[in-house]
Amino acid sequence: MSPFFAFVKKETLHILRDPRTLVILLGMPIAQVILFGFAITNELNDVRVAIFDSAKDPVSMEISDRLTSSGFFQLSAETGKEEDLEGVFQHERVKLVVVFPPGFQERFYRNDNPQIQLIADATDPNTATTIVAYASAIIRQYEEEKKGSAALPYAIKTEVRMRYNEELKSVFLFVPGVITIILMLVSAMMTSIALTREKELGTMEVLLVSPLRPLVIVVGKVVPYIALGLIIMGIILGLATTVFQMPIRGSLGLLVAECLLFVSTSLSLGILISSRVKTQMVALLISLMALMLPTILLSGFIFPVENMPWLLQIISHIVPARWFIVIVKGIMLKGAGLEVLWEETLILVFMTIVLIGASIRSFKLRLE
Amino acid sequence: MNLAITTESLTKKFGAFTAVDAISLEVAQGEIFGFLGANGAGKTTAMRMLTGLSRPTSGRASVAGFDVSRQPEQIKRNIGYMSQKFSLYEDLTVKENIRFYGGIYGLSLKNIGIKTEQLLEELDLREVSKTPVKSLPLGWKQKLAFSISQVHDPAIVFLDEPTGGVDPITRRHFWELIYRAADKGRTVFVTTHYMDEAEYCDRISIMVDGKIAAMGSPSALKKEHQAPSINELFVRLARVTTAGLG
């Protein structure tokens with residue numbers, strides 16, 4: 001029997017012998033996906049917006065100016081063709097596209113059903129609703145000024161389309177968040193506890209005196225948790241796609257690969273923690289405080305990153321979950337591929353390499 | 001005489017602090033060697049070097065014929081180790097523990113099976129083979145841990161305070177196991193805080209402040225230092241250094 005296999009088997013037995021923890025780990029994501037039905041809406045600023053102006057007349061340009069000078073929006077692209085829409089959403093990270101039809105000024109002054117189309121990125125439904133409400137308010141205010149309150153009711157109609165999540169289902173927002181939290185929980189917290197347990201029980205000493213190499217011990221320790229994480233991810237995805245009809249528009253293979261990447265990031269965090277602490281209790285507390293809280297609060301899962309104070313925004317950059325959530329949303333809701341998500345992926349790869357390096361170093365230091 | 005362990009001026013320094021200060025000793029194959037010392041005297045550090053966990057700062061040591069600095073991996077394959085925490089997995093059954101340790105020492109499936117049967121028979125644990133270790137009495141766990149530490153038939157077994165927290169009768173039984181292992185030609189290197197146990201050893205050394213203050217058979221040491229017991233001798237040696245420090 002290969003030592004590595006013996007080790008993985010033993011670790012799997014540990015997991016199976018603790019059914020309470022297993023039930024919590026499997027039950028929690030199910031409960032979370034089902035329970036998370038509402039979200040907290042907040043104010044926005046500097047939302048990236050693209051303007052698709054086929055009119056190019058004084059009225060459309062003035063409205064554009066109003067939007068971009070309001071402080072809520074930031075012009076990031078002006079497109080010419082309808083076909084560019086997809087590219088603008090994917091590459092420019094635009095949250096809202098404002099479309100003026102040809103001859104807008106004429107219709108506006110003749111009150112001949114002037115229309116502006118607002119297309120929002122509804123991957124995050126709460127943000128999308130807020131963005132559209134703000135844009136509509138600015139447009140209305142402009143109309144009021146031009147025509148005076150006598151012109152009521154408003155003539156400009158804004159036609160709204162919620163892109164990527166037409167029905168604004170908040171479960172679409174929470175599924176990527178729940179996947180992130182569970183993978184972090186299983187990979188980082190459970191492995192840091194499992195590794196610290198060996199230290200606390202004194203079995204680590206015996207393992208280190210055995211011919212097992214430290215790397216085999218660590219890898220053997222984490223393999224069952226990787227499997228557990230992937231099983232749980234499968235449950236969440238199954239639930240999301242069947243019960244909530246959530247789409248997976250991008251490649252499933254890429255999604256699994258990115259999940260494995262995030263699992264590696266989390267595992268290296270867990271190993272790093274376990275190499276620095278002596279008891280399971282401390283490992284648990286550090287995992288909760290240093291990993292779970294930022295993952296929940298600073299990742300954009302509940303509170304949009306754009307709305308955070310600048311200091312928290314900067315801190316959010318070092319939270320792996322922040323990047324991973326963008327990736328999961330991108331793949332599942334927008335059908336984005338690596339050509340769009342390479343930046344986030346590279347950041348996670350970089351983080352993982354640094355963390356693995358640090359945890360190996362820390363593990364070796366402890367051996368001395 | 002075949003030597004199982006030899007050290008020459010084995011030294012370990014942590015920065016300016018010398019934990020183990022040039023110790024030299026020889027342990028013969030099949031000998032029961034008691035490695036004594038107060039807490040903090042450097043026993044654990046010395047043992048970590050001998051088991052290949054920690055590299056010496058200077059000096060040499062060879063264990064089972066392998067050099068501790070250059071061949072720690074071979075040493076690990078040829079020694080057994082048991083600590084005072086018994087090193088068993090409480091949530092696994094008796095059988096699963098045996099199979100796991102057999103597995104990590106690279107025993108073949110067939111050998112693991114044979115070894116498992118043999119141990120269950122020897123320790124009279126067959127009836128509880130499928131019981132989680134946590135529900136076994138302390139004495140049984142200790143015996144099991146001792147046998148498991150030798151599941152791969154090592155030449156030398158290191159026991160780090162193996163009888164900590166165990167009642168005198170169980171300790172007595174445990175020493176019978178140690179004798180049985182030594183009779184089979186296995187070298188036993190044991191640390192303990194119980195001075196009555198020291199008397200059971202073929203030879204002992206007493207470490208004080210990183211150095212070996214006395215070494216020899218219990219009876220020879222008592223005669224040499226005119227001490228009525230090893231306990232008396234131990235306290236006397238430890239007191240000298242405390243006075244020296246003051």
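Here are some exercises with worked solutions on a predicted model with chains A and B.

**Exercise 1. Work out whether chain B is as compact as a globular protein of its length.**

Start with the secondary structure: chain B has nine helices and 10 strands. Next, take the radius of gyration, which is 18 Å for chain B, and set it beside the globule rule, which gives 18 Å for 246 residues. The two values are close, so chain B is as compact as a globular protein of that length. For a feel of the outline, the C-alpha atoms fill a box of roughly 55 × 40 × 35 Å along the principal axes.

**Exercise 2. Put together a profile of each chain: burial, contacts, surface and charges.**

Take chain B to begin with.
- Burial: 53% of its 246 residues count as buried.
- Contacts: of those between residues at least 6 apart in sequence, 67% join residues at least 24 apart.
- Surface: the accessible area is about 10700 Å², and carbon and sulfur atoms hold 51% of that.
- Charges: there are 30 positive and 27 negative ones, with mean positions 4 Å apart.

Now go through chain A, which has 14 helices and five strands.
- Extent: the C-alpha trace spans about 85 × 40 × 30 Å along its principal axes.
- Burial: 52% of the 368 residues count as buried.
- Contacts: 80% of those between residues at least 6 apart in sequence link residues at least 24 apart.
- Surface: about 16100 Å² is accessible, with 65% of it belonging to carbon and sulfur atoms.
- Charges: the mean positions of the 32 positive and 33 negative charges sit 11 Å apart.

**Exercise 3. Classify the ring pair Phe108(A) and Tyr109(A), then find the aromatic cluster that holds both.**

What do you need in order to describe a ring pair? You need the distance of the centres and the angle of the planes. Over all chains, the count is 15 aromatic pairs. For Phe108(A) and Tyr109(A), the centres are 5.2 Å apart and the planes make an angle of 65°. Planes over 60 degrees apart count as edge-to-face, and that is the label this pair gets. Widen the view and you'll find both rings in one aromatic cluster with Phe100(A), Phe104(A) and Tyr142(A). As for burial, Phe108(A) has a relative accessible area of 0%, so this residue is buried.

**Exercise 4. Decide whether Arg322(A) is buried or exposed, and list what it touches.**

First locate the residue: Arg322(A) is in helix α13 of chain A, residues 320-334. Its relative accessible area is 17%. The cut-off for buried is under 20%, so Arg322(A) counts as buried. Leaving out residues up to four places away in sequence, Arg322(A) touches Leu298(A), Ser299(A), Val305(A), Gln313(A), Ser316(A) and His317(A).

**Exercise 5. Trace the surroundings of two serines in chain B, Ser205(B) and Ser129(B).**

Ser205(B) belongs to strand β9, residues 203-208. With a relative accessible area of 0%, Ser205(B) is buried. Skipping residues up to four places away in sequence, its contacts are Phe33(B), Gly34(B), Phe35(B), Leu36(B), Ile212(B), Ala214(B) and Met215(B). Check Gly37(B) too: Ser205(B) and Gly37(B) are 168 residues apart in sequence, yet their C-alpha atoms are 8.1 Å apart.

Ser129(B) sits in the loop between α4 (109-123) and α5 (138-148). At 9% relative accessibility, Ser129(B) is buried. Beyond its neighbours within four places in sequence, Ser129(B) contacts Thr93(B), Val94(B), Lys95(B) and Leu120(B).

**Exercise 6. Find which residues of chain A Glu73(B) touches.**

Glu73(B) lies in helix α2 of chain B, residues 72-78. Apart from residues up to four places away in sequence, Glu73(B) touches Pro211(A) and Arg213(A). Within chain B, Glu73(B) and Gly52(B) are 21 residues apart in sequence, with 7.3 Å from C-alpha to C-alpha.

**Exercise 7. Look up the phi angles of Ser9(B) and Ala22(B) and say how exposed each residue is.**

Ser9(B), in strand β1 (residues 3-14), has phi near 45°, a positive value in a residue other than glycine. Its relative accessible area of 39% makes Ser9(B) partly exposed.

Ala22(B) is in strand β2, residues 17-28. Its phi is near 50°, again positive in a residue other than glycine. At a relative accessible area of 40%, Ala22(B) is partly exposed.

Note on methods:
Residues are numbered from 1 along each chain as its sequence is written. Chains are lettered from A and ligands numbered from 1 in the order in which they are written. This is a predicted model: local features need pLDDT of at least 70, side-chain atom pairs count only at pLDDT 80 or more; totals for chains, interfaces and linings use all residues. Side-chain values use heavy atoms; hydrogens and water are left out. Helices (H or I, at least four residues) and strands (E, at least two) are DSSP runs, numbered from the N terminus. The radius of gyration is taken over C-alpha atoms; the globule rule is 2.2 Å times the number of residues to the power 0.38. Buried means under 20% relative accessible area, exposed over 50%, partly exposed in between (1.4 Å probe, protein chains only). Contact means heavy atoms within 4.5 Å. Accessible areas come from the Shrake-Rupley method with a 1.4 Å probe; for residues, only the protein chains shown count as cover. Lys and Arg count as positive and Asp and Glu as negative; His and the chain ends are not counted. The place of a charge is taken as NZ of Lys, CZ of Arg, CG of Asp or CD of Glu. Rings of Phe, Tyr and Trp (its six-membered ring) pair if their centres lie within 6.5 Å; planes under 30 degrees apart count as stacked, over 60 as edge-to-face and the rest as tilted.
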